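Subject: Structure for you to look at

Hello,

Here is the structure I promised to hand over. Please open it beside this email and follow along.

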Amino acid sequence: MDKQLLQLIVVFFILTAVFWLIEFAWPGVRGQKVMRRGFDTDVLYWFFTPLVTKAVSKLAVLIALVPVLLLLGRKIDAQSLAAGYGPVHSLPTWLQVVLIVVLGDFIGYWVHRGFHSRRLWKFHAVHHSSSQLNWLSALRLHPVNDIVARICQAVPFVALGFSPMVIAAYVPFLTFYAILLHANVSWSYGPLGHLIASPTFHRWHHSNEDDAADKNFAGLFPIFDRLFGTLYLPKDERPKTFGAPDDAVPDNFWGQMTYPFRSDGVRLE
């Protein structure tokens with residue numbers, strides 16, 4: 001058996017057990033079953049996203065970086081890229097990580113907000129299609145959504161001189177944190193939830209309640225939503241219903257892959 005596939009199977013069962021415990025102890029929506037609606041679709045995404053989507057995204061990012069690197073007069077080889085360049089290269093690694101996390105979330109905020117526009121919504125609607133949200137919903141992602149988001153973040157970072165090695169170091173953390181944000185838990189982090197994105201913060205983003213529409217785009221820092229007028233964190237309330245507001249996204253995996261290319265199911269404004 002392929003090593004990566006085996007790792008995905010092992011991690012899947014570990015995370016299933018871990019999140020079953022925390023979702024049972026601190027449920028966001030009570031009574032939601034593990035084998036909820038869409039579970040089989042999300043399991044397919046669990047394997048498809050890392051095995052296929054991420055591989056295609058990496059290739060797309062490399063293709064997008066070539067003209068940028070040529071315009072900057074940089075060498076296109078692994079050693080040169082890994083080293084970084086310019087003023088950023090001379091910064092301590094810890095400071096580069098801090099800058100990447102903050103700048104990455106700022107870029108991510110605007111990319112995410114852009115996917116809620118009419119032109120790009122159908123690709124992102126796939127991610128919003130879970131009507132019963134839990135940790136596994138984080139992997140429900142259309143490849144075009146992932147490719148565009150990664151290019152929009154990788155190109156500025158490399159152009160500024162950040163080392164891809166430093167960028168890659170914080171990706172596992174962001175991946176796990178994205179999974180946590182989708183979990184069916186009631187955690188809001190109290191006052192800290194206005195500084196760091198909590199599951200409640202992000203679950204409001206997935207809610208199909210009218211007041212929560214197009215809110216809470218940040219992945220880590222709610223301050224960006226506060227600055228740009230998209231913060232929604234009602235005190236002592238929790239989101240209860242979820243799903244794409246137009247309710248046109250198919251439930252099955254292949255239907256979701258082809259959905260953005262169909263002529264029906266436009267973004268409702």
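Are Arg36 and Asp42 buried or exposed? Arg36 is buried, and Asp42 is buried as well. Here, buried means under 20% relative accessible area, exposed means over 50%, and partly exposed lies in between (1.4 Å probe, protein chains only).

A word on the source. This is a predicted model: local features need pLDDT of at least 70, side-chain atom pairs count only at pLDDT 80 or more, and totals for chains, interfaces and linings use all residues. Residues are numbered from 1 along each chain as its sequence is written, and side-chain values use heavy atoms, with hydrogens and water left out.

**Overall build**

The protein has 12 helices and 0 strands. Both kinds of element are DSSP runs, numbered from the N terminus: helices are H or I with at least four residues, strands are E with at least two. From the N terminus on, the order reads α-α-α-α-α-α-α-α-α-α-α-α.

Along the principal axes, the C-alpha atoms fill a box of roughly 55 × 45 × 40 Å. The radius of gyration is 19 Å, which agrees with the value near 18 Å for a compact globule of 269 residues. That radius is taken over C-alpha atoms, and the globule rule is 2.2 Å times the number of residues to the power 0.38. Of the 269 residues, 45% count as buried.

**Salt bridges**

A salt bridge is a side-chain nitrogen of Lys or Arg within 4 Å of a carboxyl oxygen of Asp or Glu. By this rule the count is 5.

Go back to the buried pair. Arg36 and Asp42 form a salt bridge, with 2.3 Å between the closest N and O atoms. Arg140 joins these two residues in a network of salt bridges.

Now look at Asp146. This residue is buried, at 5% relative accessible area. The side chain of Asp146 meets that of Lys54 in a salt bridge of 2.9 Å, N to O. That pair links distant parts of the chain: Lys54 is in helix H2 (residues 39-72), Asp146 is in helix H7 (residues 143-160), and they are 92 residues apart. Lys54 is partly exposed, at 22%.

Asp146 also forms a salt bridge with Arg150, where the closest N and O atoms are 3.0 Å apart. What separates Arg150 and Asp146 in helix H7? They are separated by about one helical turn, because they are 4 residues apart in that helix. Arg150 counts as partly exposed, at 29% relative accessibility.

**Loops**

Start with Gly38, in the loop between H1 and H2. Gly38 counts as buried because its relative accessibility is 16%. Its C-alpha atom is 6.8 Å from that of Ser130, although the two residues are 92 apart along the chain.

Next comes Tyr189. This residue has a positive phi of about 70°, yet it is not a glycine. Tyr189 sits in the loop between helix H9 (171-182) and H10. At 29% relative accessibility, Tyr189 is partly exposed.

Asp236 also has a positive phi, of about 60°, and is not a glycine. Find Asp236 in the loop between H11 and helix H12 (253-258). Asp236 is exposed, with a relative accessible area of 71%.

**Surface patches**

Which residues gather with Asp236 in a patch of negative charge on the surface? They are Asp210, Asp211 and Glu237. Asp210 lies in the loop between helix H10 (199-206) and helix H11 (223-227). Asp210 counts as exposed because its relative accessibility is 71%.

There is a nonpolar patch too. Trp20, Leu21, Phe24, Val34 and Met35 make up about 560 Å² of nonpolar surface. Trp20 lies in helix H1 (residues 3-25). Trp20 is partly exposed, at 42% relative accessible area.

How are patches picked? They are made of residues with over 30% relative accessible area and no salt bridge; like charges are joined within 9 Å, and nonpolar side chains (Val, Leu, Ile, Met, Phe, Trp, Tyr) within 5 Å. Lys and Arg count as positive, Asp and Glu as negative, while His and the chain ends are not counted. The place of a charge is NZ of Lys, CZ of Arg, CG of Asp or CD of Glu. Accessible areas come from the Shrake-Rupley method with a 1.4 Å probe, and for residues only the protein chains shown count as cover.

Best wishes
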